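This report goes through one chain, from a buried lysine to the sheet, the helices and the cysteines. The sequence and the model are shown first.

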Amino acid sequence: MTISIKQLTFETIIGILDHERITPQRVVIDCNIDYDYDRDKNFINYAVVAELIVSTMKQKKFELIETALEALIEEIHAKFSDAHTISLSITKPDILDNCEVCVSHQKSFL
């Protein structure tokens, strides 16, 4: 099975520029989690995943998107050890006037 969370949107502190360290900016996160589903044992609560992503981002106030991606993947896997593969992307839609900036990362735990 794969759980997908698409366009999880919120404001947080992220970035290395001076104004990014004090002014929250909008981010959009997409997440895919592959896992083995067992009706009686294994299921991944997508609401818990979404809240974990938001709370981690807001609490840690990352400088680099790359660091945020690595930390989020580890946090999700720590909470849901049945996850085989976790894919995340973080988009900063408002940082440049003429485009959206996005970084993605995937990690397999098999």
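## A lysine in the third strand

Lys 92 is in contact with Ile 14, Gly 15, Glu 20, Gln 25, Arg 26, Val 27, Ile 65, Glu 100 and Val 101, leaving aside residues up to four places away in sequence. The model is a predicted one. Lys 92 belongs to strand S3. Its relative accessibility is 7%, so Lys 92 counts as buried, the limit being under 20%.

## The sheet

Strand S3 is part of an open sheet of 4 strands, ordered S1-S2-S3-S4 and paired in the antiparallel sense. Strand S1 (2-12) and S4 are the edge strands, and each of them pairs on one side only. From one strand to the next the twist averages 15°.

S3 covers residues 83-96 and S4 covers residues 99-108; 9 bridges hold the antiparallel pairing of these two strands. The connection between S3 and S4 is a hairpin of 2 residues. Two positions serve to read the register. Ile 86 faces Lys 107 in S4, and Thr 91 has Cys 102 in S4 as its bridge partner.

## Helices on the sheet

Helix H1 lies across S1, strand S2 (25-35) and S3, and runs at about 35° to S1. H2 also packs on the sheet, where it touches S2, S3 and S4, and its direction makes about 145° with that of S3.

How do the two helices meet? Two packed helices are described by the angle between their axes and the distance between the axes. For H1 (residues 46-60) and H2 (residues 65-79), the axes come within 10 Å and cross at roughly 135°. This angle makes H1 oblique to H2. The crossing of H1 past H2 is right-handed. On the H1 side the contact is made by Val 48, Val 49, Leu 52, Ile 53, Thr 56, Met 57 and Lys 60, and on the H2 side by Ala 68, Leu 72, Glu 75, Ile 76 and Lys 79.

One of these contact residues, Ala 68, lies in helix H2. With a relative accessible area of 0%, Ala 68 is buried. Apart from residues up to four places away in sequence, Ala 68 touches Ile 14, Met 57, Phe 62 and Ile 90. The C-alpha atoms of Ala 68 and Leu 88 are 9.9 Å apart, with the two positions 20 residues apart along the chain.

## Cysteines

How many disulfides does the model contain? The count comes to 0. A disulfide is a covalent bond between the sulfur atoms of two cysteines. The table gives the closest cysteine sulfur for Cys 31 and for Cys 102.

| Cysteine | Closest cysteine sulfur | Sulfur distance |
|---|---|---|
| Cys 31 | Cys 102 | 13 Å |
| Cys 102 | Cys 99 | 11 Å |

A disulfide needs sulfur atoms within 2.5 Å. At 13 Å, the sulfur of Cys 31 is therefore too far from that of Cys 102 for a bond. The sulfur of Cys 102 is likewise too far from that of Cys 99, because the distance is 11 Å.

Are Cys 31 and Cys 102 buried or partly exposed? Cys 31 counts as buried, at 1% relative accessibility. Cys 102 is partly exposed, with a relative accessible area of 44%.

Notes: Residues are numbered from 1 along each chain as its sequence is written. This is a predicted model: local features need pLDDT of at least 70, side-chain atom pairs count only at pLDDT 80 or more; totals for chains, interfaces and linings use all residues. Side-chain values use heavy atoms; hydrogens and water are left out. Two strands pair if DSSP finds at least two bridges between them. Buried means under 20% relative accessible area, exposed over 50%, partly exposed in between (1.4 Å probe, protein chains only). Contact means heavy atoms within 4.5 Å. Axes are lines fitted to C-alpha atoms, for helices over the stretch in contact, and angles run from 0 to 180 degrees between N-to-C directions. Angles under 35 degrees count as roughly parallel, over 145 as roughly antiparallel, 65 to 115 as roughly perpendicular and the rest as oblique. A crossing is left-handed if the near helix is turned anticlockwise from the far one by less than a right angle, and right-handed if clockwise.
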